[in-house]
Amino acid sequence: MLLPALPGHPHFSYQGNALFAEAVRVSELAATYGTPLFIYSKAAMLSALAAYQRGFEGRDAQICYAMKANSSLAVLQVFARADCGFDIVSGGELERVQAAGGDVGKVIFSGVGKTQAEMRQALAAGIGCFNVESEAELDVLSGVALAMGMRAPVSIRVNPNVDPKTHPYISTGLKGNKFGVAHEDAVRIYRHAASLDGLKVVGIDCHIGSQITEVTPYLDAMDRVLDLVAAIEDAGIALAHIDFGGGLGIDYNHDTPPEADALWRQLLAKLDARGYGGRKLMIEPGRSLVGNAGVCITEVLYLKPGEQKNFCIIDAAMNDLPRPAMYQAFHAIVPVEPRVPQAETLVYDVVGPVCESGDWIGRDRALNVAAGDQLAVMSAGAYCMSMASNYNTRGRAAELLVDGDVARLIRARESAADTFRGELLLP
Ligand code: LLP
């Protein structure tokens, strides 16, 4: 039988006729824990991280995992134990880092709308750096720090105005995005930052978008940022580190992003050529560390053939896997144990039970399935569970972390009662 290829997922494989996560048979996990079920491979996370570590060998570099991609505590533990810092975007994410035993000194705090309470929380915790996204935020942060008798370490996110050539909702480095400060204004805003008593300028930051599959936008952004570093330092403001953000894409559907080490070979060559090779570097990768380390296992509930479309209705939905509904994103969908003998192969729209036409997970997929079969939705490690909701009062799925032949439950399935805990009845 021809088994589906699993590009981008070296730690998931068919053995015989069965899908395995590392050395564990997926169907057995689904039988024990039920579906929908997220399964992550620890080795896949560590090997994605290793590609960055190889790329930075011999350099002064800090990898800050952008935990919005997948902020489950055990996932954070994997990266904390591998010496990563974290890129956070809320006080809640900071509490997660602390709960997972991460090094708060290696936390950088990004985001356009930090509240004063979040600033106080982060200063009290002793985070490494605030990535400030506007002039107004500089003033507020300085005031908050002064009131605490502190100086807040800051780097300013500059908008290099390069096109990352990705989906418009996940492009962030173009003029017209809400992120960062404009390239033309950067030197003036740095001067302002340096004049504020509650701040200590430590670096410069950029992030141009997500699911970037080409090297050129990174090279262009680096050139633009290094131009600014030169201008800012000419103005007498030293920058201890340069943060190049995250954004490296993964293979969802015959995508061909560079490997992290190959990307950084090219970027470091440029840094060296421009004389900044010895500078402390920071990066904020999210998706590329976890995206292809996870799958979502789901059961086929019903097949519903139709005149125009055949529907394959599964027990996972847009509340579990929001990316297709939000970005028309593609996730490969493969059988967990391809059926023998084969049923009829038909072309289906794979949809969830949520009452919305936007609740689709895959369109026009050729599948050989029957009700009761399990399917694996691939590339589900990033921006799936972390964006999951309780829409339609659906409890969020369970999560497992596989390490070799051991599978550990890292998040229990939410019950209906869990979903309305905190709500109050009228008297
Ligand atoms: N740094 C900053 C400031 C960011 O805003 C992001 C992602 C990252 C780092 C990490 O980017 P990554 O390496 O994961 O591409 N929900 C969307 C993606 C949103 C990305 C938001 N910012 C999706 O599912 O495609």
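Where does Gln211 lie? Gln211 is in the loop between strand 11 (199–205) and helix 8 (216–234), where helices (H or I, at least four residues) and strands (E, at least two) are DSSP runs numbered from the N terminus. The structure is a predicted model, in which local features need pLDDT of at least 70 and side-chain atom pairs count only at pLDDT 80 or more, whereas totals for chains, interfaces and linings use all residues. Residues are numbered from 1 along each chain as its sequence is written, and side-chain values use heavy atoms, with hydrogens and water left out.

**View A. Gln211, a residue with positive phi in a loop.** The phi angle of Gln211 is near 55°, a positive value in a residue other than glycine. Gln211 counts as buried because its relative accessible area is 12%, the classes being buried under 20%, exposed over 50% and partly exposed in between (1.4 Å probe, protein chains only).

**View B. The ligand and the residues that surround it.** The shell consists of 17 residues, of which the closest are Ser210, Glu284, Arg323, Tyr327 and Tyr383; a residue belongs here if one of its heavy atoms lies within 4 Å of the ligand. By residue class, the shell around the ligand divides into six nonpolar, five polar and six charged residues, with Tyr counted as nonpolar, Gly as polar, and Asp, Glu, Lys and Arg as charged. Both domain 1 (12–41 + 291–419) and domain 2 (110–285) contribute residues to this shell, and the ligand therefore lies between them; the bounds come from an automatic or database domain assignment.

**View C. Polar contacts of the ligand with Gly286, Arg287 and Tyr327.** Two pairs of atoms involve the protein backbone: an N or O atom of Gly286 is 2.8 Å from an oxygen atom of the ligand, and a backbone N or O atom of Arg287 is 2.7 Å from an oxygen atom of the ligand. The side chain of Tyr327 provides an N or O atom that is 2.7 Å from a nitrogen atom of the ligand. The ligand taken alone exposes 590 Å², and the protein buries 92% of that area, as computed by the Shrake-Rupley method with a 1.4 Å probe.

**View D. The side-chain contact between Ser288 and Tyr52.** Ser288 belongs to helix 10, which covers residues 287–290, and is classed as buried because its relative accessible area is 14%. The side chain of Ser288 is joined to that of Tyr52 by a polar contact of 2.7 Å, that is, a pair of N or O atoms within 3.5 Å in which, within protein, one must be able to donate a hydrogen and the other to accept it.

**View E. Helix 9 and its salt bridges to Arg54 and Arg59.** In the whole structure a search finds 21 salt bridges, each a side-chain nitrogen of Lys or Arg within 4 Å of a carboxyl oxygen of Asp or Glu. One of them brings together the side chains of Asp261 and Arg54, at 3.1 Å from N to O. This pair links distant parts of the chain, since Asp261 is in helix 9 (residues 260–273) and Arg54 is in helix 2 (residues 42–55), 207 residues apart. Asp261 is buried, at 13% relative accessible area, whereas Arg54 is partly exposed, at 47%. In a further salt bridge, the closest N and O atoms of Asp272 and Arg59 are 2.8 Å apart. Here too the partners are from distant parts of the chain, with Asp272 in helix 9 and Arg59 in the loop between helix 2 and strand 5 (61–66), 213 residues apart. Asp272 is partly exposed at 39% relative accessibility, and Arg59 is partly exposed with a relative accessible area of 28%.

**View F. The salt bridge between Asp373 and Arg339.** The closest N and O atoms of Asp373 and Arg339 are 2.7 Å apart. Asp373 is in the loop between strand 18 (360–367) and strand 19 (374–377), and Arg339, 34 residues away, is in the loop between strand 16 (333–335) and strand 17 (346–351). Asp373 is classed as buried because its relative accessibility is 13%, while Arg339, at 26%, counts as partly exposed. Elsewhere, Asp223, Asp227, Lys270 and Arg274 are joined into one network by salt bridges that share partners.

**View G. Backbone geometry at Pro36 and Asp364.** The peptide bond from Thr35 to Pro36 is cis, with omega near -5°, and Pro36 is in the loop between helix 1 (26–33) and strand 4 (37–41). Asp364, in strand 18, has phi near 50°, a positive value in a residue other than glycine. Asp364 is classed as exposed because its relative accessible area is 51%.
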